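Biologist: I've got a model open and I'd like to talk it through with you. Shall we put it on the screen and start?

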Amino acid sequence: MTELSSSHLSIIRFFALVNTNRRTLLENELVERNGTYEIDFDDLEEKMKSGAKMLILCNPHNPGGRMWNKEELTKIAVLAKQYDVIIVSDEIHSDITFRGNHVPFASLEAVADLQVATCMAPSKTFNLAALQLSYVISNQRELQQKLELSMRQNFTGIGNPYSSAAAEAAYREGEPWLTNMLAYVRDNIDYAEKRLQEEMPKIDFVDPDATYLLWMDFRQLGMDDQALQQWLREEARLALNDGHTFGKPGSGFARMNLACPRSHVEEGLNRLKQAYDRLQQP
């Protein structure tokens, strides 16, 4: 039996929730180009034209770390309006950005006539996931009422006074902590990238615009997904998120969480380096 982490289970739920609600899952795969990812707008339009009714947008993107710009988001809005598609924008990582400013999808002029639901939470920014608090913002009263009805039907959306108080305190008083956290995490990312470039050149990565996650490319090691999982766990003694669980384009990748003390990052990279060096031996 394979043991799955909570992150793995969350990823699987994203896919499963569509199918278990008697809907058809369509994937608009990102295009990998010049060390980053871009939206395949031709494919996206084809999916909408074929009858897709809702787009789940990850903004900033996880695990690719892309922070979509205004032009890209406006193209999505124009297509959604043309084909009458509801947009659910997951912006849970929107406070954790390193280049430029995050553009909320709902802030665009082009979304005025669209049905948009923005999903947010203090959990990623302020490490409050254990309090299980999130929220949805909608610009359309009818869509908001449908969301509220669905949550009541599924007995979700029931908060508690502890999570509400913690969220309010974080948003009101947490800016100094957030500023320091962003600098610390960016230093961790820079440290990890430097070591990979200098010590493990066959392990590539996507330098993130946002999020505390490093999307690592192991394809040059020549392993299939099963072999890569086994090598990471047994040889490197690391429990990274397997890239293939994010979809077919994630094959050969793994995701590392760098929102942790530097000592943890150093230990993890030391283990990876030891396994990498053994792999390079004749």
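Biologist: Let's start with β10. How many of the five residues of strand β10 are buried?

Modeller: One thing up front: this is a predicted model. Buried here means under 20% relative accessible area. By that cut-off strand β10, residues 253-257, is largely enclosed by the rest of the structure, because the buried residues number four of the five.

Biologist: Which strand is joined to β10 by five bridges?

Modeller: Look at the cross-strand pairs. Asp217 sits opposite Phe253 in β10, and Met216 has Ala254 of β10 as its bridge partner. The two strands run antiparallel, and the one joined to β10 by five bridges is β8, residues 213-217.

Biologist: And β9, how many bridges does it share with β10?

Modeller: One place to look is Asn241, which stands opposite Arg255 in β10. The β9 and β10 pairing is antiparallel, and the count is two bridges.

Biologist: In what order do the four strands of that open sheet come?

Modeller: We've just seen β8 joined to β10, and β9 paired with β10. On the other side, β7 pairs with β8. The pairing in this open sheet is antiparallel, and the order is β7-β8-β10-β9.

Biologist: Which strands stand at the edges of the sheet, then?

Modeller: An edge strand here has a single partner strand, so one side of it is left without a neighbour in the sheet. The two strands that fit are β7 (204-206) and β9.

Biologist: How many bridges hold β7 and β8 together?

Modeller: Asp204 is a handy marker, standing opposite Asp217 in β8. That's the Asp217 that also faces Phe253 in β10. The β7 and β8 pairing is antiparallel, over three bridges.

Biologist: Which residue in the hairpin of β7 and β8 takes a positive phi?

Modeller: Most residues other than glycine have a negative phi. This hairpin has six residues between the strands, and the positive value, near 75 degrees, belongs to Thr211.

Biologist: Back to β8 itself. Which residues cover its two sides?

Modeller: β8 is mostly covered, with five of its five residues buried. Both faces are covered: one side has Leu213, Trp215 and Asp217, and the other has Leu214 and Met216.

Biologist: Away from the sheet, is Asp84 buried or exposed?

Modeller: Asp84 lies in the loop between α3 and β4 (86-90), and has a positive phi of about 55 degrees without being a glycine. Exposed needs over 50% relative accessible area. Asp84 comes in at 57%, so the call is exposed.

Biologist: What is the relative accessibility of Arg237?

Modeller: Arg237 is another non-glycine with a positive phi, near 55 degrees. You'll find Arg237 in the loop between α8 (225-235) and β9 (241-242). The residue counts as partly exposed, with a relative accessibility of 45%.

Biologist: I noticed something odd after β3. Which residue does a cis peptide bond join to Pro63?

Modeller: Most peptide bonds are trans. The loop between β3 (54-58) and α3 (70-83) holds Pro60, and the bond from Asn59 to Pro60 is cis, with omega near 0 degrees. Pro63 lies in the loop between β3 and α3 too. Omega is about 20 degrees for the cis bond that joins Pro63 to Asn62.

Biologist: Zooming out, what is the radius of gyration of the protein?

Modeller: The secondary structure comes to nine helices and 10 strands. The globule rule gives 19 Å for 282 residues, and the value here is close to that, so the protein is as compact as a globular protein of that length, with a radius of gyration of 20 Å.

Biologist: What share of the contacts between residues at least 6 apart in sequence join residues at least 24 apart?

Modeller: For background, 40% of the 282 residues count as buried. The C-alpha atoms fill a box of roughly 65 × 45 × 40 Å along the principal axes. As for those contacts, the share joining residues at least 24 apart is 68%.

Note on methods: Residues numbered from 1 in each chain as written. Predicted model: local features only at pLDDT ≥ 70, side-chain atom pairs only at ≥ 80, totals over all residues. Heavy atoms only, no water. Rg over C-alpha atoms; globule rule 2.2 N^0.38 Å. Buried < 20%, exposed > 50% of the residue type's maximum accessible area, 1.4 Å probe, protein only. Contact = heavy atoms within 4.5 Å. Pairing = 2+ DSSP bridges.
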